[in-house]
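Biologist: Please take a close look at a single part of this model, namely one of its sheets, and set out strand by strand how that part is put together. After that, please relate the sheet to the rest of the chain and say where the model calls for caution.

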Amino acid sequence: ENGKRKSSDALPVPRPKLMKNDLGGSRRREIWEQRRTLPIASAAKKLVKEVENNDTLIVIGETGSGKTTQLPQFLHAAGYCKGGSMVGITQPRRVAAITVATRVSEEMGVQLSGEVGYSIRFEDATSPQTRLKFMTDGMLLREALLDPLLRKYSVIILDEAHERTVHTDVLFGLLKGVQKRRREVRADVEVDGKTEQGASMVKPLENRTQIKLDSEAHGSNGSSKSRRLKVLKVVVMSATLDAQGFCEYFDGAKAVYIQGRQHPVQIMNTYTPEADYLDAALITTLQVHLEEAPGDILVFLTGQEEIENMERLLTERAAFLPEGTPKILIAPIYAALPSEQQMRVFEPAPTGVRKVILATNIAETSLTIPGIRYVIDPGLVKAKVYNPRIGVESLAVVPISKAQAAQRSGRAGREGPGKCFRLYTVETFNKLEEATVPEIKRCNLANVVLQLKALGIDDVLGFDFMDKPSRAAIVKSLEHLYILGALTDEGKLSDPLGVQMARFPLEPVYAKAMLVSSSFRCSEEMLTTVAMLSAESIFFTPREKFKEANAARQRFTSPEGDHITLINVLRAYTQEVEGSQRIEGEVNHKKLEKKLRSWCSSNFINGRSLRRALDIRRQVRGYVEGMGLELISCGDDLNQFRRCLTASFFLNAAHKQADGKYRALSTGQTVAIHPSSVLFGKKPDCVLFNELVRTNQQYIRSLTRIDSLWLAELAPQYYSTRDLVYAARPLSQEGLLKPH
Ligand code: ADP
Ligand code: MG
């Protein structure tokens, strides 16, 4: 009912002003025209009114209707950013946070990181002027640690709520609590006007953080009116139609619908299952290009490596297309793509050229890329899968749900009739799950539990979850944190270890590794490890140059395993590229970039990944230094580093069995060394690993060879010597965690 388009409902979208040194009047007019015709434009006034009248509002609207880019601007125009308040918009994905913030700043004609900014892990593009802040849901959770009442925000928009990421799910419960406490503080202030009273009302949560009622009120513009903390408005936005669950969870909150404009999409399935979906995707892409009318193609793939492979294969094949065939322009988009390259996917292809977008799940609902007419959907997604019984989380390529399949095909019908090629049979489709299981039910909760504990929420089992994770999963994560030393016997956050771990924007086990590394005098090396592992796929092995790539890799390879190999890469880079630059004098960024590129290509290193690793390294270094920890290098004493790895990742140890297979010590699972490891085929007795990947079997990846006796020496809380010598079995976990 709220979707009908009445022109009187529309907020006047300000007419473009022609500015000097601007993008040019025609660009601004084009943007203005686009905004004005979005489905949401005609409901602007109504939406603002609904936000005004409801503390919590659910907004449902099809992908591309303008929710993400427009609603924040409507609220800005309606005065929700007055007096320095901010509107925060969460996104499950970093790429979405970046590209949407960039787009909105362009629409508003302001500098990015000025009035419109974004904040993602390892990158903060905001300033004191920022009023519309796009951020990942994980970042807002971190902000709540520093400011439990989120007092800077007048409105928080939880976008892409249908994705049900674990962070968004936790924010649901958290924001409900913040709303309640802001009301209490307010009521209290209104009664006797004393700030101290207000502070005591919010006791249970903020035992750790001293609350002053209104720090900004003591500043220059602290009139008694602005001193009042307003109720926090929460807007939950989703692209799927069932608002029911959200409404119920938010105590009967109102839902409004934005009418979309979906054109018909013809759906084609394969007759028989495809043995190799990548090959099928490649062939289908070329076929569509040769046979179908103009319009861009969107191909859904599962990750960076797959996308890069496909990019290469398509480029090769495109060179052999019959003469006269239009050209194609390949545009990849995935999380690890450097932010300055992410916007390229939105640039229209030159006339007569067909754009082929190779995307991960990002393009399902988070991003709307104009111009798409054909969708190729292999029906798969890379997702976390979790076994709470043994506490193991791994990444696996799994089938999508029916809801996801519908979203994907919908991308072809945004601007006109389209076609979707599903590379699976109708029978396969019929067997898909209706909807995706919320992530909170299929991931390791250690990180979330640590954050909740740091927020003072000790009763994690009793937390107000929309979908409760299993008791087993919560208990497992409590155990995990206890074993890492982050929790005390009473299940409270340990001080300083647990408190410091929660402060790091890293998974608990990596945070722990960073923290213990200074006592092993190898924090530089651990910093490098954390950065290189976060960046993924540092090595680049094109199929056709397999031998050369492997030969190039030899110079970095350490017989001790992948971690030291990665350290060798970074050390070589620092010495050969950055070092030589420094000798020549002042660092010239253009020159450095050129050198990086040529160094990477001659060493078969993935330049994008290395750049990202360097970036993460710089950011984590900032955190380490900010916490007053010393950064020390162990130099050539890499045994020290391997011992430190043991003290940190002891939960991920695997031991060779009599039959040559490996057994993960903490879970008893049978695992195999991943072919990408430098230890593949080397059969070391005992290894540590960082990652589990499930394909046809469980693989362990990112490995280092260790002495199994180190486990008992460096993790005596978990392993006993006798166990390791005789049975390679950890202590029974029963009773490790005292009930409280
Ligand atoms: P929703 O959140 O409802 O899915 P969005 O607000 O993301 O919708 O998108 C609204 C419109 O803005 C879409 O038509 C989309 O094509 C356009 N758009 C969004 N981001 C960009 C961009 N970076 N470049 C060009 N157009 C964009
Ligand atoms: Mg959106």
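Modeller: The answer below takes one sheet in detail and then turns to other parts of the model.

The model is predicted, with ipTM 0.99 and pTM 0.82; the mean pLDDT of the protein is 86, and 87% of its residues reach 70 or more.

The sheet I have chosen is an open one of 6 strands with parallel pairing, and its strands follow one another in the order β9-β16-β13-β10-β12-β11. At its edges stand β9 (265–269) and β11 (328–333); each has a single partner strand, so one side of each is left without a neighbour in the sheet. On average, neighbouring strands of this sheet are turned by 20 degrees against each other, direction ignored. At the β9 edge, the partner is β16 (residues 418–422), which runs parallel to β9 and is joined to it by 5 bridges. One residue pair that can be followed in the structure is Val265, whose bridge partner in β16 is Gly418.

Helix α13 (residues 402–410) packs on this sheet, where it touches β9, β10 (296–300), β13 (372–377) and β16, and its direction makes about 150 degrees with that of β13. Another helix, α10 (residues 304–318), lies across β11 and β12 (354–359) and runs at about 175 degrees to β11.

For the setting of this sheet, it helps to look at another one: an open sheet of 8 strands with mixed pairing, in the order β4-β3-β5-β2-β6-β7-β1-β8. Its edge strands are β4 (123–125) and β8, each of which pairs on one side only. Here, too, neighbouring strands are turned by 20 degrees against each other on average, with direction ignored. Within this sheet, β3 (residues 116–120) and β5 (residues 132–136) run parallel and are joined by 4 bridges, and the bridge partner of Val116 in β5 is Leu132. Helix α2 (residues 44–53) packs on the sheet of 8 strands, touching β1 (56–61), β6 (153–158), β7 (233–238) and β8, with its direction at about 170 degrees to that of β8. Helix α4 lies across β2 (86–91), β3 and β5, and runs at about 170 degrees to β3.

Helix α4 (94–108) also leads to the ligand, since α3 (67–77) and α4 each supply at least two residues of the shell around ligand 1. The helix that gives the most is α3, with 4 residues. There are 15 residues around ligand 1, and those that come nearest are Lys67, Thr68, Thr69, Arg103 and Phe346. By class, the shell holds 10 polar, 3 nonpolar and 2 charged residues.

Several loops deserve inspection for their backbone geometry. Most residues other than glycine have a negative phi, and most peptide bonds are trans. The peptide bond from Asp495 to Pro496, however, is cis, with omega near 10 degrees, and Pro496 is found in the loop between α16 (471–484) and α17 (497–503). The same loop, between α16 and α17, holds Ser494, which counts as partly exposed, with 19 C-beta neighbours inside 10 Å. Leaving aside neighbours within four places in sequence, Ser494 is in contact with Gly485, Ala486, Leu487 and Thr488; Ser494 and Lys453, which are 41 residues apart in sequence, are 9.9 Å apart in space, C-alpha to C-alpha. Asp251, in the loop between α8 (244–249) and β8 (254–258), has a positive phi near 50 degrees and is exposed, with 9 other C-beta atoms within 10 Å. Phe604, which lies in the loop between α22 (589–603) and α23 (607–626), likewise has a positive phi, near 55 degrees, but with 19 C-beta neighbours inside 10 Å it counts as partly exposed.

As for caution, pLDDT stays under 50 over residues 1–8, for which the model has 12 contacts beyond four places in sequence. It also stays under 50 over residues 192–226, for which the model has 42 such contacts. Where pLDDT is low, the predicted coordinates should not be read in detail.

Conventions:
Residues are numbered from 1 along each chain as its sequence is written. Chains are lettered from A and ligands numbered from 1 in the order in which they are written. This is a predicted model: local features need pLDDT of at least 70, side-chain atom pairs count only at pLDDT 80 or more; totals for chains, interfaces and linings use all residues. Two strands pair if DSSP finds at least two bridges between them. Axes are lines fitted to C-alpha atoms, for helices over the stretch in contact, and angles run from 0 to 180 degrees between N-to-C directions. Two residues are in contact if their C-beta atoms, placed from the backbone, lie within 7 Å. A residue is near a molecule or strand if its C-beta atom, placed from the backbone, lies within 6 Å of it. Ala, Val, Leu, Ile, Met, Phe, Trp, Tyr, Cys and Pro count as nonpolar, Asp, Glu, Lys and Arg as charged, and the others, Gly among them, as polar. A residue is buried if 20 or more other C-beta atoms lie within 10 Å of its own, exposed if 12 or fewer, and partly exposed in between; C-beta atoms are placed from the backbone. pLDDT is the predictor's confidence in each residue, from 0 to 100.
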